Amino acid sequence: MAERVREASAGKPSRLKKVFFITSNPHKFSEVNEMCAGYGIELVHLQREYPEVRADTCEQVASASLFNISKTVKMPFIIEDSGLFIDSLNGFPGVYSAWVLRKVGLDGILRLMRGRRDRRAHFVSAIGYFDGKKAHVFTGTVDGSIAQEIRGRSGFGYDPLFIPKGYKFTFAENMTLKQKLSHRKKAVEQFLKHVLH
Ligand code: IMP
């Protein structure tokens, strides 16, 4: 896929397209920035918080944020809303992932998972893109499971608990794996496909 996107940019003018990434999360910025490198996009970090609506899905949150921010910001920008959805907890913490992590931490999630055999979970990323005129939302998901204990120190958020399907490492134990498989990577691929065509 990455190769196909890269091919799509071949032969295009080499001038970089400037897109702002509005986020208060430096980890999100550095992950997305690394994924966009070499695709003709200059991603500029605007480290800024913005209010988020309450909704059931990351897509809805991203759409509402795009709508609100584009009332005042008229240059091309992206925002991202993401979360961890745990099957046996009916999708909790979902769109409240950041808040739940602040309140109960990884230990709190492990306590909620104690004794549960079904440990399936998935991450979702919804990237909202305002191109200066129109709003677009691109999503990506990655399936996996919740580890029995905290493992690894890299990454951020729930990375030390999330084992992608088919692998033994948590994202926090293997960032190369995360950058290849993550929900954010899949959403960024959709975004790049759109921008480069
Ligand atoms: P928000 O998009 O600002 O609402 O925050 C999403 C929250 O979900 C983050 O603060 C993390 O706690 C969690 N999250 C989202 N993506 C990831 C990821 O790639 N790794 C680990 N945790 C994540």
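## A guided tour of the predicted model

At a relative accessibility of 76%, N90 counts as exposed, because the threshold for that class is over 50%. The model on the screen is a predicted one, and N90 serves as the point of departure.

**Stop 1: the loop before β4**

Please select N90 and display its backbone. N90 belongs to the loop between β3 (77-86) and β4. Its phi is near 55 degrees, a positive value in a residue other than glycine. Next, move along the chain to F92 and P93. Which kind of peptide bond joins F92 and P93? The bond is cis, with omega at about 0 degrees. P93 itself is part of strand β4, which covers residues 93-94.

**Stop 2: the ligand and its surroundings**

Select the ligand together with the residues around it. There are 17 such residues, and those that come nearest are K28, S82, D159, K178 and R184. Three polar approaches may be displayed in turn:

- For S82, show the backbone: one of its N or O atoms lies 3.0 Å from an oxygen atom of the ligand.
- For H183, show the side chain: an N or O atom there is 3.2 Å from a nitrogen atom of the ligand.
- For R184, show the side chain again: an N or O atom there is 2.8 Å from a nitrogen atom of the ligand.

How much of the ligand's accessible area does the protein cover? On its own the ligand has 490 Å² of accessible area, and the protein covers 90% of this.

Keep D159 selected, as it is among the residues that come nearest to the ligand. D159 is situated in the loop between β6 and β7. Is D159 buried or exposed? Its relative accessible area is 2%, so D159 is buried, the limit being under 20%. Neighbours within four places in sequence aside, D159 is in contact with F123, S154, T170, F171, A172 and K178. K178 also appears among the residues nearest to the ligand.

**Stop 3: strands β5, β6 and β7**

Select β5 (120-130) and β6 (residues 135-146). These two strands run antiparallel and are joined by 11 bridges. To see one pair, display V124 and its bridge partner in β6, T141. Then follow the hairpin of the two strands: four residues lie between them, and G132 takes a positive phi near 110 degrees.

Now add β7 (residues 162-164), which pairs with β6 over three bridges, in the antiparallel sense. Here G144 stands opposite P164 of β7.

Beside G144, select D143, which also lies in β6. With a relative accessible area of 43%, D143 is partly exposed, because this value falls between the 20% and 50% limits. Apart from residues within four places in sequence, D143 is in contact with A121, H122, F162, P164 and K165. For a sense of distance, draw a line from the C-alpha of D143 to that of A55: the two residues are 88 apart along the chain and separated by 22 Å.

**Stop 4: S182 and M35**

Select S182, in the loop between α5 (175-181) and α6. Its relative accessible area is 0%, and S182 is therefore buried. The side chain of S182 reaches the backbone nitrogen of K185 at 3.0 Å. Beyond the residues up to four places away in sequence, S182 touches M35, V142 and F171. F171 was met earlier as a contact of D159.

From S182, proceed to M35, in helix α2. M35 has a relative accessibility of 6% and so counts as buried. Which residues does M35 touch, not counting those up to four places away in sequence? They are Q179, S182, R184, K185, V188 and L192. By contrast, the C-alpha of M35 is 21 Å from that of G144, a residue 109 places apart from it in sequence.

**Stop 5: the nonpolar cores**

Finally, select L43, I78, F191 and L192. These residues have the most contacts inside the largest nonpolar core, which has 19 residues. Two or more core residues come from each of β1 (17-22), α2 (26-36), β2 (41-46), β5 (120-130) and α6 (183-196). Which element gives the most to this core? It is α6, with six residues. A second, separate core has 18 residues; select V73, F77, A126 and F130, which are included in it.

Conventions:
Residues are numbered from 1 along each chain as its sequence is written. This is a predicted model: local features need pLDDT of at least 70, side-chain atom pairs count only at pLDDT 80 or more; totals for chains, interfaces and linings use all residues. Side-chain values use heavy atoms; hydrogens and water are left out. A nonpolar core is a set of buried Ala, Val, Leu, Ile, Met, Phe, Trp, Tyr and Cys residues joined through side-chain atoms within 4.5 Å. Buried means under 20% relative accessible area, exposed over 50%, partly exposed in between (1.4 Å probe, protein chains only). A polar contact is a pair of N or O atoms within 3.5 Å; within protein, one must be able to donate a hydrogen and the other to accept it, and residues adjacent in sequence count only if both atoms are side-chain atoms. Contact means heavy atoms within 4.5 Å. Two strands pair if DSSP finds at least two bridges between them. A residue is near a molecule or strand if one of its heavy atoms lies within 4 Å of it. Accessible areas come from the Shrake-Rupley method with a 1.4 Å probe; for residues, only the protein chains shown count as cover.
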